[in-house]
Amino acid sequence: MCGIVGYIGVKEATPVLLKGLKKLEYRGYDSAGIAVLGGGGLEVCKAKGALKNLEEKVSALTSGAPASQAGFPEAQFSGTMGIGHTRWATHGEPSDINSHPHTDVSGKIAVVHNGIIENHGKIKEWLSGRGVSFRSETDTEVIAHLINYYYSGDILAAVQEALKRLEGSYALGIICENDRDHIIAVRKESPLVIGRGRGENLIASDVPALLAYTRDVYYLDDREIAVLSRDDVAFYNEDGERIRKTLSHVDWDAAAAEKGGYEHFMLKEINEQPKALTDTLRPRIIRDGQLSLRSVNLTEIGFDASWAEAKRVVICACGTAWHAAMVGKYAFEHFARIPSDAEIASEYRYRNPISSPRDICIIISQSGETADTLAALRLAKKNGGRIIAITNVVGSTLAREADLVMYTWAGPEIAVASTKAFTTQLMCVYLIALQTGFLRGHLDQEELDRHIAALEQIPAQAETVLAGKEAIQRFASLCFNKSKVFFIGRLFDYAASLESALKLKEISYTHSEAFAAGELKHGPIALADESTLVTALCTQEALFEKMDSNIKEVKARKASTSVITYDDVHHFDRSADTVFRIPRTPDCFTPMLSVIPCQLYAYYCSVLRGNDPDKPRNLAKSVTVE
Ligand code: AGP
């Protein structure tokens, strides 16, 4: 979703802004723009489409600059402060005019915005009644005009007044031609990070855009305002009082957010799963007692016996993270025997859910900024539930609002399609479920040790699955044009099927669906024909016979079939056209392995179809609006 950058310092702002926007491309966008404040006053350049359109436009303006009186070219877009934006259209089509930054009538105030101003219609009407004419169809433009309305020489005061009128979500970057020493940044329900440099300070929607300049960041809380100057950052609460904020240090280095020799971020991230899984698991395992058996150590996050007394576990998330929630539901029932629900956050937030203070609510989100997921968190909190967050982003809104936070140590995930975040989310839910089962007495120490030993094998086993990528690539080269692809499975395989189907549709644009295999006969099998590929995930040993029947049923309707099963299982060799194998692990842990061939398959299909797997059409990495 929209990306914001801002710079104030001693460097030329234009290249810093363009470079920063490049780092935010992964969020998804359809136009981009910058506003720079320098000798030429406030200059704005905007372009529909890819960032390179903006770069070309800026460079054409710069090189075509007229000669000044002194005989030197007038430096256009030369200045040491500015703001930039990648726009993911919500109000008004992608176009130059609708792109940000938006300026007020005087052209002296420029605003970039991520979020939605819900009452923009009313404000527009009000401003129109006062003679303001609007140029774009966006909700954002009202902010620039509103600030101008309240402006009488103090930009901070004008912003503070304007904010009182805004309803909805916003992260804002604001500059004013009459104030060449400050950028104003504000956030409410949309992410914004402040980078603290030496003699320079920055704003960005996400950390990768800052890493070339600093790893010291401030995370703004809702309704807080930051005023950045070259040497300082001052913070204010919504009542206008000065507040102090703590500086956080980001451990990722810039290289972690680069492609590192891979053709795409997605392929890099798929291949990073063994390390990400190790990093997520290892710090949470200890050995103790005379027998030196393994235990789960979640004291670091504050998870003690009181959490295990819960009457019910509700796991809320969106998209891929919701598929992790499905696995979590099965895992909690399996290991801890607690009633569990996996809830789609966008549904949960509008229901009137029956909840009790004895519920624990696990909220899963890679970004920690998904609007629906945060709304579900707030609802669960309001209803008295205790909240555990599973997130990949340190300092994200989710991390700050939850009671406990368990981080997935996956490192930055840049590709829009989630891969390593998913498998590490699974690792986290398994650890919490195992520990809960142990604390509730459903698992004894030896059983716990055995399960953890199996988890410890997963990273190396994931490496083995990745080593088989050429077979998947070959298979994709034969099947990438199938018009329908179904993934079927039962229990844990059903959850992994949901994720596999989502991956394929997101980046290859193939119509793919997941079905609980037992449901086939209740409708979906009507779709099976020679243009269909059915991939059956078969790792739930007790249900092999059932799955074999399902495979035969679709085959009888001329569908092509492939199976993912254990490397020592030959049950499906006759019924399936192709068999892919994963190493043995307990049936309940297989999603962490079985999803990997499906991620690779989706990736190769995307490339073979000529798509950009990192930036699929219409999708944003972080869905910060509803
Ligand atoms: C995953 O491939 C998707 N891009 C999407 O479904 C994503 O998982 C969803 O938007 C939730 O994001 P979050 O984990 O950052 O909350």
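## Worked exercises on a predicted model

T532 sits in strand β25 (residues 532-537); helices (H or I, at least four residues) and strands (E, at least two) are DSSP runs, numbered from the N terminus. A heads-up before we start: this is a predicted model, where local features need pLDDT of at least 70, side-chain atom pairs count only at pLDDT 80 or more, and totals for chains, interfaces and linings use all residues. Residues are numbered from 1 along each chain as its sequence is written, and side-chain values use heavy atoms, with hydrogens and water left out.

### Exercise 1: T532 and its surroundings

Work out whether T532 is buried or exposed, and which residues it touches.

*Step 1.* Look at the relative accessible area of T532, which is 0%. Buried means under 20%, exposed over 50%, and partly exposed in between (1.4 Å probe, protein chains only). T532 is therefore buried.

*Step 2.* Now list the contacts, meaning heavy atoms within 4.5 Å. Leaving out residues up to four places away in sequence, T532 touches K482, K484, F486, L527, A559 and S560.

### Exercise 2: The faces of helix α2

Find which residues of α2 are buried, and what they pack against.

*Step 1.* Start with the helix itself: α2 covers residues 51-63, 13 residues in total. From first C-alpha to last it reaches 18 Å, close to the 18 Å expected at 1.5 Å a residue. The expected span is 1.5 Å times one less than the number of residues.

*Step 2.* Pick out the buried residues of α2: L51, L54 and V58. Seen down the axis of α2, these buried residues fall within an arc of 60°, so they line one face of the helix. The arc is that of the directions from the helix axis to the C-beta atoms.

*Step 3.* Flip to the other side of α2, and you'll find E56 and S63 exposed.

*Step 4.* Check the partners: the buried residues of α2 pack against α1 (13-23), β2 (31-38), β3 (41-48) and β4 (81-87).

### Exercise 3: Backbone oddities

Say where F77 and K558 lie, and whether each is buried or exposed. Then find which residues a cis peptide bond joins.

*Step 1.* Keep the background in mind: most residues other than glycine have a negative phi, and most peptide bonds are trans.

*Step 2.* Phi of F77 is near 50°, a positive value in a residue other than glycine. F77 is in the loop between α2 and β4. Its relative accessibility is 5%, so F77 counts as buried.

*Step 3.* Phi of K558 is near 75°, again a positive value in a non-glycine residue. K558 belongs to the loop between α17 (544-555) and β26 (560-566). With a relative accessible area of 59%, K558 is exposed.

*Step 4.* For the peptide bond, go to H100 and P101, which are joined in cis with omega at about 0°. P101 is in the loop between β4 and β5 (102-103).

### Exercise 4: The largest pocket

Work out how much space the largest pocket holds and which elements line it.

*Step 1.* Get the definition straight. On a 1 Å grid over the protein atoms alone, a cavity is a set of points where a 1.4 Å probe fits but cannot get out, and a pocket is an open set with protein on both sides within 12 Å along at least five of seven lines; lining residues have an atom within 4 Å of a point. Grid points are joined across faces, edges and corners, and a volume is the space filled by probe spheres set on the points.

*Step 2.* The largest pocket holds about 750 Å³. It is lined by 38 residues, and the closest to its centre are C318, G319, T320, L502 and E506.

*Step 3.* Elements giving two or more residues to this lining are α9 (319-336), β20 (359-365), α11 (371-382), α16 (492-508) and β24 (511-516). The largest share, six residues, comes from α16.

### Exercise 5: The cavities

Find how many cavities of 30 Å³ or more there are, and which residues are closest to the centre of the largest cavity.

*Step 1.* The count comes to seven cavities of 30 Å³ or more.

*Step 2.* The largest cavity has about 260 Å³ of space. Of its 27 lining residues, S205, D206, S367, E369 and V393 are the closest to its centre.
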